[in-house]
Amino acid sequence: MAKGKKFRAAKVKNVKKVLAAKDPRLKSTQDKLAKKEAKRQAAAQARNVEQVPTSMFFAHNDALGPPFHVLIDTNFINFSIKNKIDVVKGMTDCLLAKCIPVVLDSVMAELEKLGSKYRVALRLAKDPRFMRMASYLKKGTYADDDIVEHARVHRCFIVATCDKDLKRRLRKIPGVPIMYIQARKYTIERMPEAYGLMPKT
């Protein structure tokens, strides 16, 4: 009988400890927790509805009106010089109203970084007729991101650019018209719908 007890004691000592199914050290448990957290965050984002400015009435933007404030991109200034277009006169001819070109600090920084090749564009951007505006995002931000953020938050600007990627991003924001160069003159895209002059066709 004593031998039997010794055998049982030895058997109990050799048994390995088994982890519980809910033990946090198990990889499957960690994966489940991560999936739950991702689902919770997705649900929270779905509930967060972006507020639309009060100036937006259905598809029409009431905030747009003369004098028009036009946000200028780096390449727009450069293409204006190449096509020999006076920026202020070209904008006035296009919109048939007073226009104030607006240059952001991030655009100025980008022009300064580009060096001597773009010195004429930089001199043009420093024109006293142009309005200077501080960057909306932190310093060292990509100029396109800054322009998109300005246009999204305020919705009272026309954006002048020749960059396809920037145009694609701006088209997603309702009520923001885009100005670009076509056949050596300025053309406006989506202006009638944005300003409320004409119904969409």
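Over the ring of which residue does the charged end of Lys167 sit? In this predicted model, that ring belongs to Tyr180. The charged end of Lys167 lies 4.2 Å from the ring centre.

Lys167 is part of helix α8, which spans residues 164–171. The residue is buried, yet it has no salt bridge. Glu189 carries the nearest side chain of opposite charge, and it is 5.1 Å away. A salt bridge would need a nitrogen-to-oxygen distance within 4 Å. Contacts of Lys167 were also listed, leaving aside neighbours within four places in sequence. They are Thr161, Cys162, Ile178 and Tyr180. Tyr180 thus appears both as a contact of Lys167 and as the ring under its charged end.

A second charge of this kind was found at Lys82. The charged end of Lys82 sits over the ring of Phe79. Here the distance to the ring centre is 5.5 Å.

Attention now turns to strand β4, residues 99–104. Six of its six residues are buried, so the strand is largely enclosed by the rest of the structure. In a regular strand, side chains alternate between the two faces of the sheet. In β4, Cys99, Pro101 and Val103 point one way. Ile100, Val102 and Leu104 point the other way. Both sets are buried.

Strand β4 has pairing partners. One is strand β3, residues 68–72, which pairs with β4 in the parallel sense. Four bridges make up this pairing. Within it, Leu71 has Val102 of β4 as its bridge partner. Another partner is strand β5, residues 131–133. Strands β4 and β5 also run parallel, and three bridges join them. Here Val103 is matched with Arg132 of β5. Val102 and Val103 point opposite ways from β4.

Aromatic rings were examined next. The structure holds one aromatic pair. Phe76 and Tyr186 form this pair, and its geometry is tilted. The ring centres are 4.8 Å apart, with 35° between the planes. Phe76 lies in helix α3, residues 74–82, whereas Tyr186 lies in strand β8, residues 185–189. The pair therefore ties together parts that are 110 residues apart in sequence. Both partners are shielded by the burial criterion of under 20% relative accessible area. Phe76 has a relative accessibility of 0%, so it counts as buried. Tyr186 has a relative accessible area of 6% and is therefore buried as well.

Note on methods: Residues numbered from 1 in each chain as written. Predicted model: local features only at pLDDT ≥ 70, side-chain atom pairs only at ≥ 80, totals over all residues. Heavy atoms only, no water. Helix = DSSP H or I, 4+ residues; strand = E, 2+ residues; numbered from the N terminus. Buried < 20%, exposed > 50% of the residue type's maximum accessible area, 1.4 Å probe, protein only. Lys, Arg positive; Asp, Glu negative; His and termini not counted. Contact = heavy atoms within 4.5 Å. Pairing = 2+ DSSP bridges. Phe/Tyr/Trp six-rings, centres within 6.5 Å; stacked < 30°, edge-to-face > 60°. Lys NZ or Arg CZ within 6 Å of the ring centre and 35° of its normal.
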